Amino acid sequence: ANAAAGLELDVGDLVLARRNQLGGDYFLAKLSSAGEWQWAKRAASSPTFGSKWAYAYGLAVTPSGDTFLSGSLSKAGGITFDSINVADDNDAAASGVDVFVAKCSSDGVWQWVATSRMPNAGYRNANKGHAIAILPSGGAIVTGEYLGTLAFGGTTLISAGLNDAFVARVSDAGEWQWAVSAGGAGRDRGHGISVAEDGSISVTGELGFKYSASVGGFLPVEFGSIALPCTGASGYSVACANHQIFAAQLSSSGEWMWVTHSKYGRSSGRAVATAGGTLVAGEFMGYSYAKFGPFHVSRLGPTEDAIVAKVSADGTWEWALMLGSEESDYENHPRDHHATSLAVLPSGRVLVAGSFSGTLACSPHIASFSAMPAISSVGQSPNIYLIAFDQAPPTPSPPSLPSPSPLPPSPPRVPTST
């Protein structure tokens, strides 16, 4: 988490003082199984170097209790993780923001910090390590987004257009081992990452197809040697006009194996888990239904719905469902539904967590899910939900559906109290 609002942060009986009053400091804290705070650590920028900061987005814990973190930081003036100083090593005179991965021991001692490097002038807020996962053989794998040129150790990536997604591997000793990029002329981001027992890597996020009038269609998004077209669309098609969820798999050595994507509306994959295939979770808005391979999933309401879907081991969509609300009174009470975390228990049961407002119900086209009772939020601010369900067998979509129609755009939202 990030401590940017106040000058001190109380973590139980522990107090962390902000070092830079203009920027933001990062903190990491550990709870016991009984819910008692055990220790708290921070990462802080120079108190004399203006509004510099460190943000953490991803966290993963090893079986022995060590913690790997991912995020972004501005290194100008230096960022300190206790005795570890991360100096500005960019080649360009104008420093920007770098991706970082840090390791902290189970007893709260920073072990090392690995950062990317911008050989050219950087872009503020463009380079981020959104998610991280532990590798069975040691070390970690991180995904996120970058813009321009970004180096991970001896590997330099160059974005194809706007932001591109990246996946990078770091050893248990904090050395970058490899990095790969995915993207096209639009904006592409990696948001979730997971590792299977065999070392294969699953990634989800969002990709943006960009229309080219000169070629009369959407330009492909490249994942290594895989040029991903917007399948089933010719010319300008609403199937590809907005950001789409992608699910992809890499080998343990960083080779893209397969990639697939949703169609229609605007959607983004936020979390991924691996269990007999790849499960993704995220959100969707903009049209009356989304399409995942042969599966059409209807929206439940006029604002954002949450999505959970599964892809087989060979990259074929197996099923998809939406979690949302049919309520239409969103002028003063927005009814947004987000799926931000995903996990699979050893039994195969799926856990999904996120936030919602109003009522949370399941799309009714899969019988085993439609029995889930609807739940209602308390107050006007978003509530947290946790849902557990067993995976369902593939369910065929209706034989034909009309082209999706846009739903009315949401009016400006009225701020709600927290």
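In this predicted model, strand 10 (residues 98-104) and strand 11 run antiparallel and are joined by 5 bridges. One place to look along this pairing is Val 101, which stands opposite Ala 114 in strand 11. The two strands form a hairpin, with 5 residues between them. Gly 108 sits in the turn of this hairpin and has a positive phi of about 85°. Strand 11 itself (residues 110-115) is mostly covered, as 5 of its 6 residues are buried.

The hairpin belongs to a wider arrangement. Strands 6, 7, 10 and 11 form an open sheet of 4 strands, in the order 6-7-10-11, with antiparallel pairing. Strand 6 (54-61) and strand 11 stand at the edges of this sheet; each has a single partner strand, so one side of each is left without a neighbour in the sheet. Strand 11 is thus an edge strand of the sheet, and yet 5 of its 6 residues are buried. On average, and with direction ignored, neighbouring strands of the sheet are turned by 20° against each other.

A second open sheet can be followed further along the chain. This sheet is formed by 4 strands in the order 18-19-24-25, and here too the pairing is antiparallel. Its edge strands are strand 18 (189-195) and strand 25 (256-261), each of which pairs on one side only. From one strand to the next, the twist averages 20°. Within the sheet, strand 19 (residues 201-208) and strand 24 (residues 243-250) run antiparallel and are joined by 8 bridges. Gly 205 stands opposite Phe 246 in strand 24, which gives a handy point for finding this pairing in the structure.

With these two sheets in mind, the whole protein can be brought into view. The protein holds 1 helix and 36 strands. Of its 418 residues, 54% are buried. Among the contacts with a separation of 6 or more, 57% are between residues 24 or more positions apart. The protein exposes about 17700 Å², and carbon and sulfur atoms supply 52% of that area.

Aromatic rings offer another way to explore the model. The count comes to 12 aromatic pairs. In one of them, the rings of Phe 152 and Phe 166 have their centres 5.0 Å apart and their planes at 40°; this angle falls between the limits of 30 and 60 degrees, so the pair is tilted. The pair links distant parts of the chain, with Phe 152 in strand 14 (residues 149-152) and Phe 166 in strand 16 (residues 164-170), 14 residues apart. Phe 152 and Phe 166 are both buried. A further pair is made by Trp 319 and Phe 389, whose ring centres are 6.3 Å apart and whose planes stand at 75°, so this pair is edge-to-face. Here 70 residues separate the partners along the chain: Trp 319 lies in strand 31 (residues 317-324) and Phe 389 in strand 36. Trp 319 and Phe 389 are likewise both buried. Returning to Phe 152 and Phe 166, these two residues form one aromatic cluster together with Tyr 146 and Trp 176.

Strand 36 (residues 383-389) also contains Asn 383. At 19% relative accessibility, Asn 383 counts as buried, because the cut-off for this class is under 20%. The side chain of Asn 383 reaches the backbone nitrogen of Val 378 at 2.7 Å. Leaving aside neighbours within four places in sequence, Asn 383 is in contact with Gly 354, Ser 355, Phe 356, Ser 377 and Val 378. Val 378 therefore appears both in this list of contacts and as the partner of the Asn 383 side chain, a result that rests on contact meaning heavy atoms within 4.5 Å.

A last residue worth a visit is Asp 82, found in the loop between strand 8 (79-81) and strand 9 (84-86). Phi of Asp 82 is near 55°, a positive value in a residue other than glycine. Asp 82 is partly exposed, with a relative accessible area of 41%.

Conventions. Residues numbered from 1 in each chain as written. Predicted model: local features only at pLDDT ≥ 70, side-chain atom pairs only at ≥ 80, totals over all residues. Heavy atoms only, no water. Buried < 20%, exposed > 50% of the residue type's maximum accessible area, 1.4 Å probe, protein only. Areas by Shrake-Rupley, 256 points an atom, 1.4 Å probe, with all protein chains shown as cover. Pairing = 2+ DSSP bridges. Axes fitted to C-alpha atoms, helices over the stretch in contact; angles between N-to-C directions. Polar contact = N/O pair within 3.5 Å; in protein donor to acceptor, adjacent residues only side chain to side chain. Phe/Tyr/Trp six-rings, centres within 6.5 Å; stacked < 30°, edge-to-face > 60°.
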